[in-house]
Amino acid sequence: MHPAPQPGPEPVTHVIQRPEFVDQADGTVRAYYPGEDWWVVGPDRDAAITALVTESQRRLEDPAYVAEHWELTRRHLDGRETTPGFEVRRISAEDYQHRIDELGDQLRNAGEQD
C-alpha cells in the first residue's frame, strides 16, 4: 500500500497500474503489473490476486524497489517511456484524496458483497 501523500506542493504524482492476468498451460494464473519486471503465479485468479497484493506490499518496504518504481514513473511522466496499463497523472492533492476515498469505498463495498 502506498503511503498517504505528505503535505507539500501540488501537483501530486498519481500512478495507476492495472494488473494483468495470464492463464498458464498448467492451469495456474500468472499475475503482474505492466511496466514491472516481476510477477506471481497462483493456482487460480483469486490466489494470484492475493499473491500479487502480498508481493506488492513486500516490495514497497524495500527502498531500492521504491527508487526503481519512482524512476519508472519519472520516465513515463517525462514521455521517455509508455507502457499500456501504467498510467501516470499529475493531479491536485484534493483530487488525490478524492480518488483514495473512492477506492476505499469500492473496497468496503466489495467486502460487503462477499
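Here are a few worked exercises on this predicted model, covering its nonpolar core and its salt bridges.

**Exercise 1. Find which residues make up the largest nonpolar core, and which elements give two or more residues to it.**

Solution.
- Start with the membership: there are 8 residues in all, namely V29, A31, Y33, W38, V40, A48, L52 and Y65.
- Next, look at where they come from: strand β3 (29–32) and helix α1 (45–59) are the elements that give two or more residues to this core.
- For some background, nonpolar side chains in soluble globular proteins tend to be buried together.

**Exercise 2. Pick V40 and list what it is in contact with, leaving aside neighbours within four places in sequence.**

Solution.
- Begin with the core: V40 is itself a member, and its contacts include V29, A31, A48 and L52.
- Then add the rest of the list: V40 also touches R30, A51 and E55.
- Hold on to E55, since that residue turns up again in the next exercise.

**Exercise 3. Work out where E55 and R59 lie, and whether each is buried or exposed.**

Solution.
- Check the pairing: the two side chains form a salt bridge, with N to O at 2.8 Å.
- Place the partners: both sit in helix α1, 4 residues apart, which is about one turn of the helix.
- Now apply the cut-off for buried, under 20% relative accessible area. E55 has 17%, so it is buried. R59 has 19%, so it is buried too.

**Exercise 4. Say which parts of the chain the salt bridge between E87 and R18 links.**

Solution.
- Take the distance: the closest N and O atoms of E87 and R18 are 3.4 Å apart.
- Locate each end: E87 is in strand β5 (residues 86–91), while R18 is in the loop between β1 (12–17) and β2 (20–23).
- Count along the chain: the partners are 69 residues apart, so this pair links distant parts of it.
- Finish with accessibility: E87, at 23%, counts as partly exposed, and R18, at 42%, is partly exposed as well.

**Exercise 5. Give the closest N and O distance for E81 and R75, then name the residues that shared partners join into one network.**

Solution.
- Read off the pair: E81 and R75 form a salt bridge, their closest N and O atoms being 2.5 Å apart.
- Judge the surroundings: E81 is partly exposed at 25% relative accessibility, and R75 is partly exposed at 28%.
- Turn to the network: salt bridges with shared partners join R18, E87 and R89.
- For the overall tally, the structure holds 6 salt bridges.

Methods:
Residues are numbered from 1 along each chain as its sequence is written. This is a predicted model: local features need pLDDT of at least 70, side-chain atom pairs count only at pLDDT 80 or more; totals for chains, interfaces and linings use all residues. Side-chain values use heavy atoms; hydrogens and water are left out. A nonpolar core is a set of buried Ala, Val, Leu, Ile, Met, Phe, Trp, Tyr and Cys residues joined through side-chain atoms within 4.5 Å. Buried means under 20% relative accessible area, exposed over 50%, partly exposed in between (1.4 Å probe, protein chains only). Contact means heavy atoms within 4.5 Å. A salt bridge is a side-chain nitrogen of Lys or Arg within 4 Å of a carboxyl oxygen of Asp or Glu.
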